[in-house]
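Subject: Structure handover

Dear colleague,

I am passing on the structure we spoke about, and below it you will find notes on what turned up in it. Please keep the structure open beside the text as you read.

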Amino acid sequence: MIPMLLGVSLLSFLLLQLSPGDPLSAQRGNPQVPDALIHRIETEYGFDKPVPEQYLLWLSRTLHGDLGYSFKYKRPVADVIRERVGATLLLAVFSSLLSWLLAVPLGVWAALRRGQWPDRLVSLTAFVGMSLPSFFLALLLLFAASVAPPIPGFGRFPIGGLVSPEFDQFGLWERIGDVLRHLLIPGLVLAVGGVAGLQRVCRGSMLETLRQPYVLAARARGLPQRSVLWRHAFRNAANPLITLLGFEFSALLSGAAFTEIITSWPGLGLVALEAVRAKDLFLVMATVLMGSFLLLAGNLLSDLLHAWNDPRVKLS
Amino acid sequence: MSALLTVDRLGVSFATPDGPLHAVDGISFSLERGAVLGLVGESGCGKSATASALCGLLPPGARTAGSARLSGQELTSLSEPGWRSIRGRRISMVFQDPMSSLNPLLSVGEHLVETLRTHQDLSRAAARTAAVEWLRRVGIPDPEARLASCPHELSGGMRQRVMIALALCPGPDLLVADEPTTALDVTIQAQILDLLASLRRELGMAMIFITHDLGVVERVADRIAVMYAGRIAEEGPAEMILAAPRHPYTRGLLDSVPGFRPRTGRLPSIPGTVPSPRDWPSGCRFHPRCPDADSTCRESAPDAPGSDGGAACFHPVGSP
Amino acid sequence: MNHALRRFESVLSANTPARVSFWVLVALYLAAIFAPWLAPYAGDDESRACSWAPPSTIHLRELDGSWHAPFVRAVSYSFDDDARRVWTEDSSCRFPIRFLVHGRLLGLDHPVVSPVVGRDAPTGRLYQQPGRPYEPAGRLYLLGADARGRDLFSRILYGSRVSLTIGVVGVAISTLIALVVGGIAGFAGGWVDGALMRLCEVVMLVPAFYLLMLLRAALPLDWDSRLVYFYIILILSFLGWAGLARILRGMIQSLRQSDFIAASRALGLSPWRNLWRHALPQTFGFLSVQATLSIPGYIVAESGLSLLGLGIQDPQTSWGNLLEESMSIAEIRLHPWSLLPGLFLFAAVLSWNLLGDALRDTFDPRSLS
């Protein structure tokens with residue numbers, strides 16, 4: 001795991017070297033940035049030294065938790081990342097759960113009604129969901145939210161952001177409710193993209209599993225239908241789904257970033273974009289590293305889920 | 001009639017793109033309580049379809065004809081909920097391949113506890129104790145520890161023992177064993193057969209033992225029914241069938257198994273091959289391969305064996 | 001080749017969604033090619049007086065009840081008490097819709113197929129805006145206008161040229177890179193293989209969005225507009241090559257060790273020639289399916305990049321770039337038609353996905369569900 005992250009850091013470092021000038025060139029002309037600050041960073045990160053040495057300097061500082069300084073936010077990069085990662089994680093977890101909640105029943109239903117209209121309908125909606133770009137769906141939902149009348153008990157649909165302006169005045173439950181309301185649109189956008197692929201795999205896997213002898217044997221023992229379907233068929237069908245979860249994590253993080261930007265959800269993706277626009281290169285590197293780290297963590301989680309579900313899997 | 005199971009002209013047909021395929025074509029037999037019927041035949045004769053029909057496990061698109069009555073209850077007209085009350089409780093099945101018949105994700109204990117609690121009102125702890133007892137009964141050493149084992153950790157013989165425990169723990173009246181020893185080593189086969197025989201004595205359930213192996217059926221069966229091409233060729237007490245077969249097919253089968261009869265010289269084999277259900281021959285289906293066949297055999301089908309057994313043949317062995 | 005084409009044909013005739021998708025794509029790509037003939041206006045034809053004009057109402061009856069050929073009226077706007085635009089039509093004019101009116105492209109006259117506004121019937125004037133003699137008053141906005149009064153329909157047509165082709169070119173380059181890297185790794189083996197595969201894994205470890213950001217940060221923000229298209233292709237190709245390279249390397253390795261290679265080597269044939277003539281063509285079926293399935297992703301990636309302002313820039317158009325205008329959520333209900341490029345995007349992606357799925361079933365029956 002660590003070597004991979006090192007590889008990513010090396011790759012990003014080298015790529016950013018392609019950028020004309022050095023990481024500070026954008027800031028040098030900026031009157032708001034004091035010269036002393038620029039000079040300090042120059043020496044600390046060794047911009048006058050050869051490239052390999054620069055990398056090693058950066059690496060050693062990173063390992064000590066110092067990810068550099070962000071000129072846009074005027075704070076250490078590590079602080080900025082720390083503040084924003086939580087929001088991205090929340091969005092990723094919420095939308096993953098939502099997509100599973102939607103995809104599994106749909107996939108199972110399609111498998112049980114193979115070839116009939118539910119199967120075709122679900123398959124078609126899967127294609128639609130897969131083909132709808134997440135940012136377009138986000139725009140559509142936000143448009144709908146902006147013209148929708150307030151729903152009693154729910155209030156107006158929030159059209160962006162993490163919390164309402166009055167958040168600080170809320171009690172704990174109200175705060176949770178507020179965040180959930182704001183989470184709805186971005187979470188839904190991401191879930192729709194995920195449901196499509198998940199549902200197809202679920203259907204295929206279920207069809208495969210339902211044909212297995214142990215499902216027949218379970219029926220032969222007189223076990224109730226629900227038990228046969230979920231405990232015997234679905235648990236076995238879930239293995240490819242968990243694998244898919246691991247594979248899809250990369251797409252999930254990318255989709256989350258786009259969705260965050262459009263719905264103004266203050267997460268890692270939004271930070272990355274702003275960093276690129278401001279040419280805040282330390283921040284760019286940190287977001288890339290964080291993104292890769294999240295991906296690794298997601299894969300690890302998927303491996304753990306595999307082992308939990310299937311006693312045949314041995315963790316290395 | 002005190003028979004446990006009465007099968008009367010049972011037929012099974014499968015839907016195919018080219019029309020219905022009649023895998024089982026009007027078979028009749030009866031089974032007394034506690035008795036063992038050996039259903040013998042080569043692959044393609046319809047014996048597995050018969051087994052599936054008796055447990056309601058035919059694939060969608062299959063149709064049954066005729067009747068099969070278990071203690072007076074008609075099985076062929078049962079709906080799925082009706083079958084769920086019968087399976088396990090009154091009829092149970094043991095399958096050929098124990099590896100694929102056990103859920104790879106669940107432990108032995110979880111399998112047993114689930115089945116026990118489905119059919120009886122037991123607490124988890126009571127079910128666990130009963131599970132250990134069943135494992136002991138089927139001859140699994142160190143049953144307490146084996147509860148936590150998963151199917152892939154067990155040998156073939158052990159898995160089949162677990163399958164048998166699973167099939168028998170709800171206490172069925174009839175056990176349908178579909179080639180239960182075919183996938184096992186020869187030495188293990190004998191153990192499993194002995195196990196089945198002793199369990200039958202202990203629990204008093206009837207058994208239909210399906211196999212292609214005459215040597216196996218010799219050890220377990222009270223009566224034997226020989227199937228060929230979807231019909232029963234011969235039926236009767238086991239000793240009689242094996243010592244003095246009357247149907248030419250049965251005789252051919254026995255002759256081609258080494259060790260059944262003392263002989264010298266080449267091992268005879270039945271000429272020709274088993275016909276596929278798509279082209280069952282006319283009249284007596286065995287006639288293309290029968291040395292004694294004549295025009296009658298080609299034109300009309302012989303009567304099926306009656307309730308006392310007999311051979312479905314116009315010229316049984318030993319008749320003029 | 002013929003065999004493959006025939007199979008493709010048979011799959012299309014059996015699979016209705018794929019067949020429809022195929023024709024939709026043909027229509028879209030033809031529209032892109034013939035954009036100058038189909039677009040009523042040039043991509044940069046502005047009319048500030050018609051900023052954010054809604055889609056034109058096409059009239060058939062005059063105020064006095066008489067019937068005419070379809071026509072439009074000049075529109076103008078004013079602000080109401082809530083500072084919202086209110087559009088009113090000038091009923092004194094009538095601009096008939098004409099087809100095949102000559103336009104000018106590259107200094108040459110050519111007929112424009114698309115409907116264009118003709119001269120005003122009562123006055124015979126084409127340009128009639130008090131105080132602004134050079135601004136056309138009668139404009140036909142089939143799908144509405146943007147902030148600068150540019151016709152959205154025309155811009156969608158011109159934008160399709162970028163959006164629809166960048167994906168295909170990007171995939172082609174990606175595949176080429178993957179072939180080279182995967183090929184070298186598969187052939188060479190040893191530490192070269194190991195190093196290249198590690199590189200692939202590292203690239204694959206970065207989620208696509210962050211990789212895009214990284215690459216974009218590495219390149220200057222203000223681009224020479226002629227080079228933008230190529231820069232973006234470069235960035236996009238960097239996204240997909242790694243995964244494909246790994247698969248190709250695996251395929252080549254297994255092909256190298258396969259029996260028929262060993263057999264032909266035993267017959268004295270050179271192994272390189274083998275691989276070139278026998279092994280590689282086997283990968284082509286797989287590659288073409290992969291490419292088709294990847295195109296939608298690249299189209300969406302370009303649109304996303306342009307949407308964020310990091311891709312195709314004004315005055316050039318792409319569908320993503322056009323959607324950028326709908327990003328200000330608070331105002332979008334004032335001009336909801338700016339969401340329409342997204343619909344075209346959706347149609348193109350859906351069609352490619354359905355077609356790619358049908359292709360996959362043709363060439364790789366193992367993956368049939």
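Before the notes begin, one term is needed: two residues are said to be in contact when heavy atoms of theirs lie within 4.5 Å. Please also keep in mind throughout that this is a predicted model, and that the values below are computed from it.

Helix 11 of chain B

With that meaning of contact, we can ask what covers the buried residues of helix 11 of chain B. The cover includes helix 9 (214-220), strand 9 (223-228), strand 10 (231-237) and helix 10 (238-243), which belong to chain B as well. Helix 11 itself spans residues 248-256 of chain B, and its buried residues are B:P248, B:Y249, B:T250, B:G252, B:L253 and B:L254.

Cavities

B:P248 from that helix appears again in the lining of the largest cavity, where B:H247, B:C284, B:F286, B:H287, B:C290, B:D292, B:A293, B:C297, B:C313, B:F314 and B:H315 are found too. The volume of this largest cavity is about 70 Å³, and the search of the whole structure finds 2 cavities of 30 Å³ or more. When the residues of its lining are divided by class, 8 are nonpolar, 3 are polar and 1 is charged.

Cysteines

Several cysteines are named in that lining, including B:C284 and B:C297, and this raises the question of how many disulfides there are over all chains. The count comes to 0. Why does B:C297 not belong to a disulfide? The nearest cysteine sulfur, that of B:C284, is 5.9 Å away, whereas a disulfide requires the two sulfur atoms to be within 2.5 Å, so the pair does not count. B:C297 is buried, because its relative accessibility is 5% and the cut-off for buried is under 20%. B:C150 is likewise in no disulfide, and for this residue the nearest cysteine sulfur, which belongs to B:C169, is 18 Å away. B:C150 also counts as buried, at 7% relative accessibility.

Sheets in chain B

Chain B holds an open sheet of 7 strands, whose order is 6-7-8-3-9-10-11 and whose pairing is mixed. Strand 6 (91-94) and strand 11 (310-311) stand at the edges of this sheet, and because each has a single partner strand, one side of each is left without a neighbour in the sheet. Within the sheet, strand 3 (residues 36-40) and strand 8 (residues 206-211) of chain B run parallel and are joined by 5 bridges. If you would like a place to look along this pair, B:G38 stands opposite B:F209 in strand 8.

Another pairing in chain B is that of strand 1 (residues 5-16) with strand 2 (residues 19-31), which is antiparallel and extends over 10 bridges. A hairpin of 2 residues joins strand 1 to strand 2 in chain B, and B:V7 stands opposite B:F29 in strand 2.

Two residues with a positive phi

Strand 1 of chain B also contains B:R9, which has a positive phi of about 50° although it is not a glycine. B:E179 is described by a positive phi of about 50° as well, and it is not a glycine either; B:E179 is found in the loop between strand 7 (174-178) and helix 8 (186-203) of chain B. Are these residues buried or exposed? B:R9 is exposed, with a relative accessible area of 57%, whereas B:E179 is buried, with a relative accessible area of 8%.

Where both chains take part

The second largest pocket encloses about 1300 Å³ of space. Of the 38 residues that line this pocket, the closest to its centre are A:R219, B:L58, B:P59, B:P60 and B:E80. The elements that give two or more residues to the lining are helix 5 (77-112), helix 8 (172-210), helix 9 (213-220) and helix 10 (225-262) of chain A, together with helix 1 (47-55), strand 4 (62-70) and helix 2 (80-86) of chain B. Strand 4 of chain B gives the most, with 4 residues. By class, the lining of the second largest pocket has 22 nonpolar, 8 polar and 8 charged residues.

Lastly, A:N309 lies in helix 12 (residues 281-309) of chain A and counts as buried, at 7% relative accessibility. Leaving aside residues up to four places away in sequence, A:N309 touches A:R235, A:A238, A:N239, A:I242 and B:L105.

With kind regards

Conventions:
Residues numbered from 1 in each chain as written. Chains lettered and ligands numbered in written order. Predicted model: local features only at pLDDT ≥ 70, side-chain atom pairs only at ≥ 80, totals over all residues. Heavy atoms only, no water. 1 Å grid on protein atoms, 1.4 Å probe; cavity = no way out; pocket = protein on both sides within 12 Å on 5 of 7 lines; lining within 4 Å. Points joined across faces, edges and corners; volume = space filled by probe spheres on them. Nonpolar A, V, L, I, M, F, W, Y, C, P; charged D, E, K, R; others polar. Buried < 20%, exposed > 50% of the residue type's maximum accessible area, 1.4 Å probe, protein only. Pairing = 2+ DSSP bridges.
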